[in-house]
Amino acid sequence: MGKSLRLSEKWFRRGLWLVALVFAGFLIGLGGTIVGDLPKVEAPLRVEDFLDQPAAQALRSQVRDARQAEQTAQTALEQAQLQRSKARSESQGERETFNNWLATRNATQRAEHDPEVLARTQALDTLQQAERTTQQAVEAQQQAALDARQAAAAAQARLGKLEAAGYEKRNAERRRVELRVFLYRLALTLPLLAIAGWLFVKKRKGTYWPFVWGFIFFALFAFFVELVPYLPSYGGYVRYVVGIGVTALVGRYAILALNRYLERQKQAESLPDPQRRKELGYDVALARLAKSVCPGCERPVDLKNDKIDFCPHCGIGLFDHCGHCSTRKSAFARFCHACGTGAQATGQPAAPVPAAEPVTSA
């Protein structure tokens, strides 16, 4: 097709394709922003919204109070342990002093020391009693800390069960929200794909084809790129079913299009040669000849063989001779390449020259 176009027309077409791509790029950017913002139509989900608030608050208060009680008991335990260490140290020191003194007294065997023995023994008993008291205080604080810790763990376990149920409800609702958001996206992109299909069938060769193709690119990108990542999985079944459905639709369209094409070709090949040549567009004929195929039936033909003037498949004329200089030329050429005589001026059949062709797609 490119060989049959004028140089300026080629560059104009390239510029228009650039316009189509730029237009599609801006549309894709706008569509991506809209698709990305669609989840904002749904309120964000929090676990708190799915909990029994009074029960949750009561359990949290129990956990908080138990933690505070455990902290208080731990502080008191540290103080009690310090007091016990102090009492134990004093008792140990007094016991060592008493033992040393008692050894000295046994060595001297002095009777006047007996009252002092009693006094020292009483003092040692007092210190041991203080040590036992501090030990009991330590044990009491250890018990209090253990009770607070167990109470906090029990309340936390009950709160965990309550929150686990809330998480399950939130996840279930999140799946429903994701499905709704996907349906929003589908409701936005599916009509775009349908419009793109209609434009492809009806308007792709119209005057404003760059914008048509830009919209088609945008619709395809929005549906097959921006929508597919959000497609619900459900174990992969949805993706496979959608893939099968899309493939079946595309395959059906392709089969019907092929049948229509074959029927048109069959009808065209049954027409007389002048009528077939008249219905063929000049650019279309040159494009097919450039590919070494017959313009009428699109089957391969050896155009370099100077003995072939007609298509061996459908019989349409491919080469004729100039009525002015008898040079062998393409039957679809408007002018003789040897002498420049117009094909119509020499009585040779040629494709009609349109007065003004609108800019259409390639």
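1. The second largest pocket of this predicted model has 17 lining residues. Those nearest its centre are Leu 193, Gly 197, Leu 220, Leu 249 and Val 250. Three elements each give two or more residues to this lining: helix H3 (114-202), helix H4 (209-227) and helix H5 (237-269). H3 supplies the largest share, with seven residues.

2. The volume of the second largest pocket comes to about 590 Å³. As to the character of its walls, 16 of the lining residues are nonpolar and one is polar, while none is charged.

3. Leu 220 deserves a second entry. Besides lying among the residues nearest the centre of the second largest pocket, Leu 220 belongs to a nonpolar surface patch with Phe 221, Phe 224 and Val 225. Together these four residues have about 320 Å² of accessible area.

4. Within that patch, Phe 221 is a residue of helix H4, one of the helices that contribute to the pocket lining. Phe 221 counts as partly exposed because its relative accessibility is 30%, and that class covers values between the 20% limit for buried and the 50% limit for exposed.

5. For the chain as a whole, the secondary structure consists of seven helices and two strands. Their order along the sequence is α-α-α-α-α-α-α-β-β, so the helices precede the strands under the numbering from the N terminus. Of the 362 residues in the chain, 28% are buried.

Terms used
Residues numbered from 1 in each chain as written. Predicted model: local features only at pLDDT ≥ 70, side-chain atom pairs only at ≥ 80, totals over all residues. Heavy atoms only, no water. 1 Å grid on protein atoms, 1.4 Å probe; cavity = no way out; pocket = protein on both sides within 12 Å on 5 of 7 lines; lining within 4 Å. Points joined across faces, edges and corners; volume = space filled by probe spheres on them. Helix = DSSP H or I, 4+ residues; strand = E, 2+ residues; numbered from the N terminus. Nonpolar A, V, L, I, M, F, W, Y, C, P; charged D, E, K, R; others polar. Patch = residues over 30% accessible without salt bridge, like charges linked within 9 Å, V, L, I, M, F, W, Y side chains within 5 Å. Areas by Shrake-Rupley, 256 points an atom, 1.4 Å probe, with all protein chains shown as cover. Salt bridge = Lys/Arg side-chain N within 4 Å of Asp/Glu carboxyl O. Buried < 20%, exposed > 50% of the residue type's maximum accessible area, 1.4 Å probe, protein only.
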